[in-house]
Amino acid sequence: MTKDKKIVRLCNYKPTPYTIEHVSLVIRLDPEETTVISRLTIVPRAAYPAGHCLILDGDGLDFVDARLDGKEMWEERFSANPMRFSLNHAPHRRFTLEITTRLSPNQNTQLMGLYSSNGAFCTQCEAEGFRRITYFYDRPDILSTYDVRIEAPKRLTHLLANGNLVESGELLPPDGNIDGEAWHYALWRDPFPKPSYLFAMVAGDLACVEDHFVTRSNRKISLKIFVEHGKEDRVAYAMDSLKRSMAWDETAYGREYDLDTFMIVAVSDFNFGAMENKGLNIFNDKYVLAKPETATDTDYALIEAVIAHEYFHNWSGNRVTCRDWFQLCLKEGLTVFRDQEFSSDMRSRPVKRIADVRELRSRQFPEDSGPLAHPVRPDSYAEINNFYTATVYEKGAEICRMLHSLVGSEGFRESLDLYFDRFDGQAVTIEDFLACFSETCAVDLTQFALWYEQAGTPTVVATYFYDPKHKQLSLTLQQSCPPSPGQTTKKLMHIPLRIGLVARDGSRLRFEAIHDRKSGEQVGDRDCTLLHITDRQHQFVFSGVEKDAIPSMLRGFSAPVHLRTNLTLDDNLIMMRHDSDPYNRWEAAQQIFTQHLVEQSNAHRPSNADCDRPVVCEVDPLLVSALDACLFDERLEHAFRAQMLRLPSEGDIARLIAKDVDPDAIHAARSKLRQELASQLGDRLIALYTSLQDDKPYSPNAAAAGRRDLRNCLLDLLLATKAEAVTTLAQHHYENATNMTDRFAALSSLATNRPATAEGLLADFHQRYADDALVVDKWLSLQASIPEQGTIARLRTLMKAPFFSMENPNRVRALIGAFAVNNALQFNRKDGAGFSLLADVVLEQDTVNPQTAARLANNFRSWRALEADRQTSAEHALRRIAESSMLSKDVADIVNRCLQ
């Protein structure tokens, strides 16, 4: 591993001189010395002249042998090293190249390629893992059919690969010893051409839970979920989610599953959440395993969403894939949008939208405003693994959502039908995708395409004025986008902004039409309220507005932008009470809270590391009254009321302050606001909490989960008062919980609000669940999130515990990842101890798993926004990482961009 890096550029894309029509693999498994024999059917492209050299990718491969059309070759004909195989003067005809390599799965701590996990073998090939198994054109525009023969000891009971099983049976051991361990084989055939990143293989002694699904064309699909023995009782919800996903994709998009079998394998060592390999999805077990005693409502919701996401990839990613890795958003952004829509239909659409926007703002907006900013389709990269980002996934999904708004539900469905039908079995580009919408809906998307090309979050400044004499509301909108790395000047975007009007008295409001003041053209009416911002400035006039009104802008968060307005506190209070758009009703509350917290944080600078300085916090009684009205409005969903109760995070406030950020002041201001709200709402919170007690058996459905969410949010807010009676109530909540959701919620609230009181319960929780790795991960994340001075020492102790391992990405993410993401106070400590801890872990993890290390290093992205002393400490930590003599290109790429 070195710091050397080769920049890959979109403008340099060229097809390969050869294609690989078919891949035949024989994989003879051994934990220390696995043998892989690949037989590649290779065809030259007509556009290339004869005599080209065939150069295949490798990564750390142990070369054994190579044959051309079944015959041995002279050494002068080819060359092979761990990183490349070259065939000189390759035939200008169809030919077969057979290459044998050796691997050591037990030594593969990177978890890319073929590796072992708890005695089982599995693979991860996206983005460039297949080259760690055999030499190949390891890029997404090489689509091949596959035959895969797996040979292994019979103790590995299940031998799985992509496609359909065509043959299996017993086998003599490789050493010919008939008295030795019995062996068997399985032959799988995938008839659908796929890129190598979708190759998958699993072999292990696993339990199998089976079911089936009948498609709309009356085909019976075998469904199988493989897990470690003893965990079969935790897969029912995953199986149900899979069946609902298959039915939804048929109904919503007309997409039917194509193979005879669909399989999911849950493993405990995995770099990602899951992987959509054709017909054989490999999952991090946290997104498969669930039962009420060990999984929270959040776990259930994530399982539902991730199962759906990977299944939906069967069409948006597998059947139609991306030409090159610059087009990654083409499969990921589209599939995230599809899984968000699925979850919205399964649960609450308004609550799901709020949750998605929270996620976008907390993860993608900081990325877009810092040194790691990049377009949704980047034009270059040093390490492709570092571009599996919130920008590609979440912002990519927002672009699809804007497309949906622009062309409507029917136009969106028709455009995707054309896209899937036209490009089935092909590797395509963003231009191919957008062309289907332009053709189907007769819409010019030239300006809209800039969303894929420009980094940064646009800002829309909106000012309004109501004229009672002429019954008109005038609205001026201006757009801008800040410079970002490599893009100092930005072009004007096409921003769809959904809008409505809210009467000040809360009554129903009507208006006649919306006109563009510059052109005089009518651009909307009360039934069509999507405005198109395409110029630097627009002025719109709402006519026939019957009474004094407030514009409700960016409804449903119709575009991923910053919205700055001249709305007053009174305006937001009215929308908080009366807006018919649930998202904007929530957003109005967030705006009030945010403005208050930013003002209070700035009022107490310079920051004080121990936060002894008192924070004055006068909460407007009208805000308390409006919040009270929402909390006790029985017409509102419990889950929505819980969202209304959640304050903006410390990260949200830091992002808005943007410069010279003092995390201590932000934490103090937020803590004080929570305390004031809890005190003023007082007994009413306790009464509502008590009324939500439910003795019914646990159900993960949306209604029951929403009820628990509101009750647990109320308990958390009440604990801000530090009252002993509430502490006792929370302890009772923990001890009498009948499910993990309630027990862990009580423990979390006590640990973050009353750390000293929680110590005994933290020990009790670990004792109860010490044998359950997924629950221990929750416990580790909670300890990492405690906002107290002793947390860093706590983490260093936990890292030495026998249950913690640097080789398990779940453990590292649970403890250190959670610390950097969830504990702004301690991670950003003025003495630099938090930065130093993260740097230590990044350097150690880089020798084990560079991908995990690089994702941890991402948490330094906002260091320049901090106040001077913290900047100095963060920069010191970053430079210590950068100066390492054996840094991986994954980590070097992130750290160097952070330091630029």
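Which residue forms a salt bridge with Arg754? I looked this up first in the model, which is a predicted one. The partner is Glu724, and the closest N and O atoms of the pair are 3.0 Å apart. I then checked where the two residues sit. Arg754 belongs to the loop between helix 16 (740-753) and helix 17 (755-769), while Glu724 is in helix 15 (residues 724-735), so the salt bridge ties together parts 30 residues apart in sequence. I noted the accessibility of each partner as well. Arg754 has a relative accessible area of 15% and is buried. Glu724 has a relative accessible area of 53% and is exposed.

**Entry: Asp840 and Arg796**

I next looked up Asp840. Its salt-bridge partner is Arg796, with 3.0 Å between the closest N and O atoms. This pair also links distant parts of the chain: Asp840 is in helix 22 (residues 833-846) and Arg796 is in helix 19 (residues 791-798), 44 residues apart. For accessibility I wrote down 28% for Asp840, which counts as partly exposed. Arg796 is partly exposed too, at a relative accessible area of 34%.

**Entry: Arg131 and its network**

I went on to Arg131. It forms a salt bridge with Asp138, where the closest N and O atoms are 3.0 Å apart. Are Arg131 and Asp138 buried or exposed? I found both of them buried. The pair does not stand alone, since Asp57, Glu128, Arg131 and Asp138 are linked in a network of salt bridges. For the whole model I recorded a count of 77 salt bridges.

**Entry: Asp581, without a salt bridge**

I wanted a charged residue outside that count and took Asp581. It is located in the loop between helix 8 (569-578) and helix 9 (582-602). Asp581 is buried yet has no salt bridge. How far away is the nearest side chain of opposite charge? That side chain is Arg555, 4.8 Å away. A salt bridge requires a nitrogen of Lys or Arg within 4 Å of a carboxyl oxygen, so Arg555 at 4.8 Å does not qualify. What I did find is a reach from the Asp581 side chain to the backbone nitrogen of Gly556, at 3.3 Å. Leaving out residues up to four places away in sequence, I listed Arg555 and Gly556 as the residues that Asp581 touches.

**Entry: the sheet of four strands**

I turned to the sheets. One is an open sheet of four strands in the order 10-11-16-13, and its pairing is antiparallel. Strand 10 (113-117) and strand 13 (158-161) are at the edges with a single partner strand each, so one side of each has no neighbour in the sheet. From one strand to the next the twist averages 20°. I followed strand 13 inward: four bridges join it to strand 16 (residues 201-204), and the two run antiparallel. Within this pair of strands, Leu160 stands opposite Val202 of strand 16.

**Entry: the sheet of eight strands**

Another open sheet has eight strands, ordered 6-5-9-3-2-12-15-14, and here the pairing is mixed. Which strands stand at the edges? They are strand 6 (71-72) and strand 14 (164-171); each has a single partner strand, so one side of each is left without a neighbour in the sheet. I counted the join between strand 12 (residues 144-153) and strand 15 (residues 183-194) as nine bridges, with the strands running antiparallel. Ile150 is opposite Ala186 in strand 15.

I also picked out Thr41, which lies in strand 3 (residues 34-44). Thr41 is buried, at a relative accessible area of 18%. Beyond residues up to four places away in sequence, Thr41 touches residues including Thr19, Ile20, Glu21 and His22, and also Arg94, Phe95 and Thr96.

**Entry: strands 25, 26 and 31**

Last, I looked at strand 26. Nine bridges join strand 25 (residues 459-467) to strand 26 (residues 472-480), in an antiparallel run. The bridge partner of Thr463 in strand 26 is Thr476. I noted that strands 25 and 26 form a hairpin with four residues between them. In the turn, Lys471 has a positive phi of about 50°. Strand 26 is also joined by seven bridges to strand 31 (residues 537-543), and these two run antiparallel. For Leu477, the bridge partner in strand 31 is His538.

How values were computed:
Residues are numbered from 1 along each chain as its sequence is written. This is a predicted model: local features need pLDDT of at least 70, side-chain atom pairs count only at pLDDT 80 or more; totals for chains, interfaces and linings use all residues. Side-chain values use heavy atoms; hydrogens and water are left out. Buried means under 20% relative accessible area, exposed over 50%, partly exposed in between (1.4 Å probe, protein chains only). Two strands pair if DSSP finds at least two bridges between them. Axes are lines fitted to C-alpha atoms, for helices over the stretch in contact, and angles run from 0 to 180 degrees between N-to-C directions. Lys and Arg count as positive and Asp and Glu as negative; His and the chain ends are not counted. A polar contact is a pair of N or O atoms within 3.5 Å; within protein, one must be able to donate a hydrogen and the other to accept it, and residues adjacent in sequence count only if both atoms are side-chain atoms. Contact means heavy atoms within 4.5 Å.
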